[in-house]
Amino acid sequence: MSHWMVTLPNEGNNLAEDTFAKLREHTELENLAEAKQLVVPKLLVGTLDSLMSLSDELGKYDSAIETVVRKIERQYSDVVGGKEALADPLKVGPVPPKRFLEEFQWDIAKYPNRRPLPELVQLILGGVGSVEEDLKNLSINLSEKTQQLSALNRKKGGNLAMAPLEEVLTPDVIQGSGVQFLDTDYLRTVVVVINKAAEPEWLNVYQGIGTDIAGYGGPDWTSGGGCGQNDGNFGAEIDRQRETGSPVVPGSATRVVAEGEHVLYTVVILKGQYEAGHIEGDEFKQGNFVDFFDNFKASAREKRFIVREFEYDPSAKTVSTQEQADDLDAQVQQQKGSMVRWCKTHFGEAFSAWVHVKVIRAFVESVLRYGLPPNFVLAVLKLTPNKEKQVMQALDRVMQVDATAFMSDGADEEGAEEYHPYVRLVINQN
């Protein structure tokens, strides 16, 4: 649905009522549009320079506020659903946007008309900016909760590669499989998920995964001066990576559970090792500890085995994924309800601000086009579908001009609408 906000000058001694009656005669009688006259209080004109400067900015402000209005409409529709949004549309106060526009009255209490126009515009923009910031924060919070809920639901219905291990490796399952979860200074039990088709390969190769991870090199006691003698290959100079191998403890693989196309194993690996220390003066400086887990995980991934992080605590109380999903769903529904109430409350504020800026823009453009003192009629036209061209021609007839007379030299007739002698601002209704 399309509305136009138009202004027409009151020629000669004509009153605004006479000009509007002429407008209605050329639009409504031909069933081109419904016309409603808008009466607004006198606005401060200011200087010509200030009007020209403001005119350059008002188009951008108009578009920016419309964007906020559309964001609120879109967010409301996304939350309640398209059909519900049509059944219970957003309103401006107690009335639909269409009626508010057609029966527009300037809000003097909120936007004092005797303030300079630039200040008035900034007052309107400040209010819309706060609305937009609130919408942004609410949207982010709702989006985050919705994404968390979606991720949790995927986990809930996922396979062993995705499902929460706390719900898979219950005390009963662990006891039934006979697996021991080690977490000592030297050893660690890790969980590996394997495709069932790759299980034979896993059993054949798991003891050799990550053959470049653990360093088994040490001093060469077979040469030089014997045990404890300086052979240049101990202390800070030792190269433990001279001999490397897998950190996996041979024979430690244990089949724990199978589900769908996957099977879950545990395997014990060396936890890590210290780099060679050294002596500074009379003090021994211990080397840095190198954890093997991440490197083992990467090496297993190269063979399409999935290493999953898991710390077993038999005394820990596990909250099921379903319970977490139910809790998150309740939070999402609560935030959706808050979003719906917010949209219903603040849509009217944003839409009203948009129409006020439209009126200011029409006023400024009219003064610049028709001159001083301001003497024109302001109206809203509700267009009959597909009658835009005929309405423009009717407005030309009201002005008793030919649109081509306002075209610059060399302009074609397709651009004639840019040169009509009246002010026209389009307001599209969803």
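**Exercise 1.** Compare the expected span of helix H2 (residues 48–80) with the distance between its end C-alpha atoms.

*Solution.* Helices are DSSP runs of H or I with at least four residues, strands are E runs of at least two, and both are numbered from the N terminus. The expected span is 1.5 Å times one less than the number of residues. H2 has 33 residues, so it should span 48 Å; the end C-alpha atoms lie 48 Å apart, which agrees. This is a predicted model, in which local features need pLDDT of at least 70, side-chain atom pairs count only at pLDDT 80 or more, and totals for chains, interfaces and linings use all residues. Residues are numbered from 1 along each chain as its sequence is written, and side-chain values use heavy atoms, leaving out hydrogens and water.

**Exercise 2.** Where does H2 bend, and which residue just after H2 has a positive phi?

*Solution.* The bend at a residue is the angle between axes fitted to the seven residues ending there and the seven starting there. For H2 the bend is about 35°, at Glu 57. Just after the helix, Gly 81 has a positive phi of about 95°.

**Exercise 3.** Locate the cis peptide bond between Leu 372 and Pro 373, and the positive phi of Arg 304.

*Solution.* Most residues other than glycine have a negative phi, and most peptide bonds are trans. The bond from Leu 372 to Pro 373 is cis, with omega near -5°. Pro 373 sits in the loop between helix H10 (321–370) and E13. Arg 304, not a glycine, has a positive phi of about 65°. Its loop runs between helix H9 (293–302) and strand E12 (306–308).

**Exercise 4.** Assess the confidence over residues 402–417.

*Solution.* pLDDT is the predictor's confidence in each residue, from 0 to 100. The protein's mean is 85, and 87% of its residues reach 70 or more. Over residues 402–417 pLDDT stays under 50. Where pLDDT is low, the predicted coordinates should not be read in detail.

Methods
Contact means heavy atoms within 4.5 Å.
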